[in-house]
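Here is a short guided report to read alongside the sequence and the coordinates. Please keep the viewer open as you go.

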Amino acid sequence: MASFPLSLVSFSLTFLFFLSPALSTNSEGNALHALRSRFNDATNVLQSWDPTLVNPCTWFHVTCDANNHVIRLDLGNSNISGSLGPELGQLKHLEYLELYRNDIGGKIPKELGNLKNLVSMDLYGNRFEGKIPKSFSKLKSLRFLRLNNNKLSGSIPRELTGLSNLKVFDVSNNDLCGTIPVDGPFSTFSMESFENNRLSGPELQGLVPYDFGC
Amino acid sequence: MSTSTFYGEACFVACIILYAQLVSSPNNAFASASSSASSSEAEALLEWKASFQNQTQNNLTSWTYSPSNSTNPKANASPCNGWTGISCNTAGSVNMINLTNSGIQGTLHELSFLSFPNLAYLELSFNELCDTIPPQISFLPKLIYLDLSSNQLSGQIPPEICLLTNLEVLHLHENQLNGSIPHQISQLNFLSELALSHNSLEGMIPASLSNLNNLTSLSLHENQLSGSIPASLGNLSNLTTLHLQKNQLSGSIPPSLGNLTKLTSLSLYQNNLSGTIPEQIGNLKSIVFLELGENQLNGSIPPSIGGLSNLVSLMLRENQLSGSIPQEIGNLKKLIYLQLDTNQLSGHLPQNICRGGTLQSFTAKANQLTGPIPKSLKMCKSLTSVFLQDNHLTGNVSEVFGAYPNLKKVDLSHNNFYGEISPTWGLCPQLATLRIVGNNLTGSIPPEIGNATQIQELNLSSNGLVGVIPNEIGRLTSLQRLNLDGNQLWGHIPSEFDSLKDLEYLDLSTNKFSGSIPSILGDFSKLHYLNLSNNKFSQEIPFQLGKLFHLSQLDLSHNSLEDQIPSEMSQMQSLEIMNLSHNNLSGSIPKSFEQMHGLVQIDMSYNQLQGPVPNNKAFQDAPLEGNEGLCGNIAGLQPCPSMENKRATKKDRRLVFIIVFPVFETLLLLLSFLGIALVRKKRNKEQDT
């Protein structure tokens with residue numbers, strides 16, 4: 001009695017087994033593949049992202065180093081919507097994360113803080129919301145952080161003052177509140193980096209609580 | 001054979017012992033005293049449901065006692081009447097539970113297995129069941145199908161499972177099961193499918209699994225299994241699928257596997273297998289997928305592989321295979337995927353490759369192959385990707401390739417190809433990547449290449465190409481990476497480049513390009529790398545380059561660029577590395593470069609620059625020699641005269657305070673003493689008279 005559904009199931013499972021060996025063994029490729037599934041790719045810029053390949057190094061908009069580790073993701077201005085996911089944090093060798101000027105929404109995953117080799121993060125010109133993750137304080141190689149023109153809220157994590165390599169910082173045109181840190185690299189950033197938010201001015205150390213009014 | 005009987009008997013005895021233990025265990029959940037089997041089944045299901053996390057109970061709202069008869073609701077309770085996922089036999093007893101993908105968050109421990117004497121089909125895959133598989137699951141005497149896959153079950157596979165003597169399908173894959181595969185599984189004589197893949201199982205594959213005469217599918221992949229592949233698995237004559245990939249199996253591939261004449265899919269990749277590929281592999285007449293890659297297999301590829309006429313995918317990459325690729329591989333008429341890359345294969349490519357006109361993905365890169373491209377590839381219309389780079393292949397590359405309607409990626413780099421770039425590449429409408437780096441190509445870039453409008457990466461660097469960049473390159477509007485460096489190309493950058501708006505990476509270095517750097521390059525808003533060094537570019541650096549907001553690296557060195565460095569270049573806010581050395585740039589370095597906060601490395605040596613060096617940390621260690629009058633507060637440079645005036649206002653002020661005031665004060669003091677002395681003298685004189 002159960003034989004028909006059984007044979008149907010075993011057929012479909014056998015079919016699945018035929019497919020499964022062909023998927024890549026590469027964890028970075030799998031992470032990017034998972035990222036792609038979160039995206040709406042209106043102009044098919046991710047067409048070359050074939051998860052059955054050995055690694056993602058031949059995918060367009062992906063650049064690898066000599067050891068076939070992903071170091072650049074260049075998807076700026078690419079008509080992409082959707083959201084990001086925690087899997088991006090698995091690209092341990094990533095140096096350049098360029099997702100600017102798209103229509104990506106949702107929260108910035110805290111797992112991006114795991115990208116300890118990251119030099120440049122450009123998420124500007126999207127619809128990101130929620131807070132700037134505190135985990136960004138772990139991005140010790142970061143030189144460029146541009147989160148401007150989004151819908152980010154909450155305060156600028158004070159922990160970012162530890163990013164001694166940070167040279168370019170822009171959070172303008174968001175919905176941030178609280179005070180502007182003044183320590184570390186923050187002493188070099190111009191006021192334009194912070195404009196069009198609800199920030200209450202530079203942090204007054206020792207006088208008022210930091211997250212005042214936020 | 002005697003070994004397997006011994007195992008069989010031993011397992012049978014073990015099973016009896018386990019059964020006795022279970023029955024006497026105080027944890028048994030015996031059927032309740034209720035009269036009808038159906039109501040005890042209902043009770044068991046409801047008890048189980050009650051143990052779930054709250055939210056899942058909503059999916060099973062149909063699991064309830066019938067409200068119509070309030071006097072004795074339990075008597076009317078029957079799971080056979082529309083309870084989700086429950087089916088019954090003609091006698092009204094549950095024989096199927098199918099709750100796949102039902103959002104169940106709970107365990108199996110509250111399920112009273114003894115209450116289901118007729119359950120044949122238990123399907124609970126794709127839920128969030130956690131904790132262990134209770135050994136009491138063996139109290140399902142009629143169970144034929146058990147699927148607990150894609151949950152979060154942990155712990156060991158209970159050896160009591162051998163009591164499910166009617167079991168035909170066992171799916172426990174994609175969980176967190178650990179421990180070894182219990183050899184008691186070998187007792188399940190009717191088992192046709194065993195899937196334990198994607199767990200944390202360790203230890204060896206039990207050789208006694210060979211007793212499972214009815215087994216058609218064995219999936220143990222993605223675990224941490226070690227030891228050898230048991231040779232006895234060659235006895236599983238009904239096996240169609242053997243998937244052991246992604247484990248830590250060692251030892252050789254047993255030749256006895258060649259006896260599996262019904263096998264269609266053999267996957268052993270990503271293990272530590274060593275030794276040679278046994279020639280008996282050629283006996284697998286039904287094989288469709290043969291995947292042995294990512295091991296340490298050595299020796300030659302057995303020519304008998306050429307007899308596997310049903311082969312669709314042959315994947316042997318990343319091993320230490322040596323010797324020649326058997327010519328017989330050209331006999332495989334159904335071959336679609338051929339992956340031989342990253343081995344130590346030598347000799348020539350098989351001459352009749354793509355004989356059946358089905359070959360799509362062909363990669364033999366990173367070997368020591370010599371000889372020509374097989375003539376049969378020219379008419380291979382099915383090709384989608386060809387990766388032959390990093391070999392010693394030779395031949396005239398303009399003659400060996402044809403027009404391919406489906407070809408997307410080609411890489412022939414680092415071989416000994418010669419001849420010209422064929423215009424036929426323009427007849428590949430889907431071509432996205434064309435790389436022929438580091439060969440002996442000559443002639444010029446054919447304008448027909450502009451017909452392949454889907455090209456996103458074109459890399460022809462390190463050859464002997466001559467001539468100009470054809471205007472038709474402007475038709476490649478999808479181009480993202482263009483490498484033409486290391487050739488002898490000349491002429492100007494065509495104005496048609498202005499349509500290459502998606503360009504991210506442009507390297508034209510080490511050629512003989514001349515003329516001015518076109519201002520249209522400033523419109524490449526996605527460009528992150530620009531290298532025009534070692535050419536004969538002249539005139540000024542166009543200020544429009546300042547629009548390259550995302551440029552990370554800029555190299556214009558070793559050209560004949562002149563005039564001033566445009567201050568607009570400071571708008572390149574993402575620039576980290578800038579090399580303008582060995583040109584004829586004059587004037588001063590724009591002060592606005594102080595705003596280029598991302599700069600890490602600068603080289604402006606050997607120009608005719610003068611004036612103050614901007615106050616930017618990147619200039620501290622920068623090579624600046626070979627200029628005329630650069631000055632600044634940097635080692636090796638003179639301090640600036642005008643800067644001294646400006647800076648000296650501060651210094652001067654300090655000087656004023658340190659030197660002038662004390663002098664002034666002493667003068668004052670002296671004067672006052674004089675004054676006092678004079679007054680005293682006057683008074684003395686007055687007093688005297």
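The paragraphs below take up confidence, chain A, the annotated spans and a sheet in chain B.

This is a predicted model, in which local features need pLDDT of at least 70, side-chain atom pairs count only at pLDDT 80 or more, and totals for chains, interfaces and linings use all residues. Residues are numbered from 1 along each chain as its sequence is written, chains are lettered from A and ligands numbered from 1 in the order in which they are written, and side-chain values use heavy atoms, with hydrogens and water left out.

**Confidence**

The predictor assigns the complex an ipTM of 0.82 and a pTM of 0.82. For chain B, the mean pLDDT (the predictor's confidence in each residue, from 0 to 100) is 89, with 88% of residues at 70 or more. Within chain B, helix α3 (residues 73-76) has the lowest confidence, a mean of 53, while strand β36 (residues 529-531) has the highest, at 98. Helices (H or I, at least four residues) and strands (E, at least two) are DSSP runs, numbered from the N terminus. Residues 26-35 of chain B stay under 50 in pLDDT, and the model has 12 contacts for them beyond four places in sequence; a contact means heavy atoms within 4.5 Å. Where pLDDT is low, the predicted coordinates should not be read in detail.

**Chain A**

Chain A has 2 helices and 13 strands. Of its 214 residues, 54% are buried, meaning under 20% relative accessible area (1.4 Å probe, protein chains only). The accessible surface of chain A is about 9,300 Å², with 53% belonging to carbon and sulfur atoms; the areas come from the Shrake-Rupley method with a 1.4 Å probe. Of the contacts in chain A between residues at least 6 apart in sequence, 48% join residues at least 24 apart.

**Annotated spans**

Unreviewed UniProt entries place "domain: Disease resistance R13L4/SHOC-2-like LRR" on residues 84-173 of chain A and on residues 115-246 and 256-436 of chain B. Such annotations may be inferred rather than shown by experiment.

| Span | Helix | Strand | End C-alpha distance |
|---|---|---|---|
| Chain A, 84-173 | 0% | 29% | 21 Å |
| Chain B, 115-246 | 0% | 28% | 39 Å |
| Chain B, 256-436 | 2% | 25% | 44 Å |

**A sheet in chain B**

Chain B holds an open sheet of 8 strands with parallel pairing, in the order β31-β33-β35-β37-β39-β41-β43-β44. Its edge strands, each pairing on one side only, are β31 (466-467) and β44 (629-631) of chain B. Two strands pair if DSSP finds at least two bridges between them. β31(B) runs parallel to β33 (residues 488-491) of chain B and is joined to it by 2 bridges; Val466(B) has Gln488(B) as its bridge partner in β33(B).

Notes: Buried means under 20% relative accessible area, exposed over 50%, partly exposed in between (1.4 Å probe, protein chains only).
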